[in-house]
Each structure stands twice: as structure tokens, then as C-alpha cells.
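This report goes through one structure, starting at the ligand and moving out to the cores, the domains and a few single residues.

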Amino acid sequence: MTYQNYSLKQLQAIDAAHHLHPFTDHKDLRAAGSRMITRAEGPFIYDSEGNEILDGMAGLWCVNIGYGRTELAEAAYEQMKELPYYNSFFRCSTPTPVLLSQKLAEIAPPSLGQVFYGSSGSEANDTAVRLVRYFWQLEGKPEKNRIISRNMAYHGSTITGASLGGMSGMHGQLGGAVPNIVHVMMPYAFELALPGESDHAFGLRAARAIEEAILEAGPENVAAFIGEPIQGAGGVKIPPASYWPEVERICRKYDVLLMLDEVITGYGRTGNWFAAQTFGITPDTITTAKALTSGYQPLSALLVGDRIAATLVEKGGEFYHGYTYSGHPVACAVALKNLQIIEKEGLVERVRDETGPYFAKALRERIAPHPLVGETRTIGLMGAIEIVKDKDTRERFQPGGSAPVVIRDHCIANGMMLRATGDTMIMSPPLIWTRDTIDMACERILKGLDLAEAELRRK
Ligand code: PXG
């Protein structure tokens, strides 16, 4: 690549002049200059200055098989040579999305055997909303179109994604959200459980908030409930075991469709192919993207349940919906190879049986005792560290999450990439992490916490 001819300062200047970044305060960024990540290998990323950083976020929750996998590059290269692009409209198809659909049907819960492709999680959620609302029209119930979501949910950044999401900052900038979407409480026991309330009871109470929203609207007006099995960008909020089965029961009771957004949790993250399997529930749709290709190509797959698919096929006629890149042959070739690698290396089982439990223990025994840590929680290779000023009272530093940003910056300076969101540090490492990588991560995080504590308590 020709970027080697540019200095970091030059690249930063061009970046500042021409590049509008996602979720970024541009004035801040342009004053500071962006960190330039230039290459990556295995679990590590490297910046332009040669710093090695252990990537605790798998890129952005996606690089599940780690970096530097030449097999994926070869799969893309071979497919590009043979057929770089053709569409799946107008009674055409290409082989790789066909074969990928078969593979996805094999690993998905049994009743979710059909797939609609897009290029991003946001697109897949747009498709899901359109499909669910069209389903009820076809069933003769067009008024059944309200969708229930949750506070702090993240479902993408298109207008539909942001409307489904429960981030108030995003809603504030929309200038009008997609109508008929309402939000209920999230199952976040650390902040929302009542004094003395058990996890089990809290999970049931959080599920009941969905039932109340259904009854308030009237079940005849409610199309679906959508939720991330574990709220990811919102802070790795892992619901109590009682939550999802109760949500499923409530949805079935009122004939409200259950939509799971597994853009983060799909493809092994929780120790099963999908978190639906981890929680033992069967939704009507599953949104997936990210780790479907381990981020090596943009691709999303909406898994569609039998009930919706049967109505669409039997009564739907032409569904006026699709993207130029639906079923992109190169992205699908890369996804097929990625899934093959996950299977061949037994990464899903490894997370379930070995690295997931080790990660949980490591965070619990080594990170949780730190004076800045109120709680650690994990599921599979997804983790959260709650940051508090006072361990006993759970008092936070200033609201708005400035302390976690201080910690994050110390961690990055010590070779550890993780995210700060609100009052929580979050992690979602590649599934190739071993016990040794987890040990290395703990050491680096502890160092970051210590340095941050000295800085925060000085203020
Ligand atoms: N659903 C979920 C659950 C997601 O996490 C999307 C949908 C949207 O996917 P696309 O591919 O359109 O971005 C996501 C994306 C963060 C962060 O800060 C998380 C995401 C995206 C950007 C930032 O953790 N998740």
C-alpha cells in the first residue's frame, strides 16, 4: 500500500481535511489527530508508530477468528476472479449465497432456515422491520405494527436502526423517529434491581415491562418485540437467566413476534453459534452481521423463521425490498470460509468449555477486587467492568462516563484495546484468545486501572 509514503502527521492532516468519521466529535478528533491502525496479526493490532495493542474488542465486535487469515483473502481473491459481482434480483442467483444459506440453516435454531442478505447490521434490521410489518399486513392485521424495544438498545445507525435503538442522544438528532416504536426498561440489575431483589425476580420484573407495554397498546396493535440477547454497545448488559424465557412466553401469549438482534452475539461469541441457543429460546427473526465474515467483508444475514417465511412465500407476491449487494458473491465466499474455520478450529466449543469459563474467573478473581471496580460480568467471550468511585456504595465518578475514558486511554497506552461506554468498560475479544492471552489482558487492564486510579483520585 502506498500509505507508507506518508508520515503520520500527513495522514492525520488529510484525515482531518476530508474524512467524516462515525460517532465522532470532529472538532475534538481534528485537534488530537486520529490513531492510525496500519496492520494486524492474530490477536494484535499495530499502529503507524509500531505500537502493538492487544485487541480486546475484535475490531468492533467482529473479528472472531483474529487477524491475518490468508484463507479469507484467498477466498475473496478466487471469487473476485471468477465472478466479482452479480445480483440476486430478477430470478438470478449466484452460488456462494446459495451455499451460505444452506450453511446458516444448518447452524441456526431449527425453525430459522431462511436468509435475507444485506451489507450491515443496520440494513438487516431495516429488513427485519419491513418484513415483520409486511407479515402482519399479509395476515390481515395491518394495525398490528407497533414494535417494542428497550432503553439503551443499539440496533444500528440508519433511521430505522436508530429509531429501534434506545439511545436518547441518537433520538435527539433524528428530527423524527420511525413511528410506532416504543421503549421499555432494560434488564440491567447492577443499576435497576431494587434493594434485596434477587436476580431471578429482577429478570421477571424486567420481562413484565414488555407485557405492560403490550397491554397498554393492545396486543392487536403490537407486531413484535426486538432485543439484543445481551445489550452490547449499551454496556454488555447480561440479563438474569429468568429474563429471556419469560420474554418468549409473553410474546407467544399475545402473538407478538420475537426478534433477536444477534449482530454482536452471533457466530460463537456466547459459546454457542447463537445466543438464542445459549438462552434456550426460539425467536421469529435473528439479525446477524459482523462475525459472519469476521469483519473481513461487509455482510449481514437476517435469519427468518418458518412462520414469517411461509406467509411471505405463499401470500406475499413480490416483496419490494432489496439491496444491490444482497447476497454479494465475494462477501458470501468469505463468510463460508470464515464459518469453516470457526468449525475446524472448534472455536465455539472452546469458548463454551474453556476460554469462556477462564475469562469469567480471570475477571472475577483478578479485576473485580480492584478499588475502581463495582462488578465484572461475562458471558462467553463478552465482558463488562463496572467502574465506581466507591466500591461499597457504588457511587460513580462524574456522570457521563469520563472515568472510564481515562481508564481506556491508560489501557491503550499499555497495549490493551477495550471500550468505554457510559460507566462501563466493555470487552469482546477474538474467539482465538487462549488462557495466555486472557492472562496478558488482565495484566494490562490492571496496570491501566492502577494508573487511572492515581489520576482520578488526584483530581
Ligand atoms: N445491532 C447491534 C446489536 C449492533 O451492535 C448493529 C445492529 C448495526 O450494525 P452495523 O453493521 O450497521 O454497524 C450493531 C452495531 C459500539 C458500536 O460502539 C457497536 C456497533 C456499531 C458501532 C459501534 O460498541 N454495533
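Which element gives the largest share of the shell around the ligand? In this predicted model, the largest share comes from α6, with 3 residues.

**Ligand site**

The ligand is surrounded by 16 residues, and the closest are W61, G121, S122, D261 and R419. Helices α3 (58-61) and α6 (121-138) each supply at least two residues of this shell. Polar side-chain atoms of three residues are listed below with their distances to the ligand.

| Residue | Ligand atom | Distance |
|---|---|---|
| W61 | oxygen | 2.8 Å |
| K290 | nitrogen | 3.2 Å |
| R419 | oxygen | 2.4 Å |

On its own the ligand has 540 Å² of accessible area, and the protein covers 84% of that area. W61 and R419, two of the residues in the table, are also among the closest residues to the ligand.

**Domains**

The protein chain is divided into domain 1 (35-65 + 346-458) and domain 2 (81-343). Domain 1 is thus assigned as two segments of the chain, 35-65 and 346-458. The C-alpha centres of the two domains lie 27 Å apart. The contact between them takes 34 residues from domain 1 and 31 residues from domain 2.

**Nonpolar cores**

The largest nonpolar core has 97 residues, and L104, F225 and Y267 touch the most other members. This core draws at least three residues from each of domain 1 (35-65 + 346-458) and domain 2 (81-343). A second, separate core has 22 residues, among them V132, I181, I226 and M259.

Leaving out residues up to four places away in sequence, F225 touches I148, S149, R150, I210, Y243, W244, V247, C251, V256, L257, L258 and M259. One of these, M259, belongs to the second core.

**Residues seen one at a time**

S149, a contact of F225, is found in strand β5 (residues 146-150). Is S149 buried or exposed? S149 counts as buried because its relative accessible area is 0%, and the limit for buried is under 20%. Apart from its neighbours within four places in sequence, S149 is in contact with H155, L164, V182, H183, V184, F225 and I226. The last of these, I226, is a member of the second core.

Two residues other than glycine have a positive phi: N180, at about 65°, and Y267, near 65°. N180 is found in the loop between α8 (168-172) and β6 (181-184). Y267 lies in the loop between β8 (257-261) and α12 (275-279). Their accessibilities fall in separate classes: N180 is partly exposed at 32%, whereas Y267 is buried with a relative accessible area of 0%. Y267 is also one of the residues that touch the most other members of the largest core.

A201 has its place in helix α10 (residues 199-217). Why does A201 count as partly exposed? The relative accessible area of A201 is 30%, and values between 20% and 50% are classed as partly exposed, so A201 falls in that class. The C-alpha atom of A201 is separated by 7.8 Å from that of S242, which is 41 residues apart from A201 along the chain.

Technical notes:
Residues numbered from 1 in each chain as written. Predicted model: local features only at pLDDT ≥ 70, side-chain atom pairs only at ≥ 80, totals over all residues. Heavy atoms only, no water. Core = buried A, V, L, I, M, F, W, Y, C linked by side-chain atoms within 4.5 Å. Buried < 20%, exposed > 50% of the residue type's maximum accessible area, 1.4 Å probe, protein only. Domains from an automatic or database assignment. Contact = heavy atoms within 4.5 Å. Near = heavy atom within 4 Å. Polar contact = N/O pair within 3.5 Å; in protein donor to acceptor, adjacent residues only side chain to side chain. Areas by Shrake-Rupley, 256 points an atom, 1.4 Å probe, with all protein chains shown as cover. Helix = DSSP H or I, 4+ residues; strand = E, 2+ residues; numbered from the N terminus.
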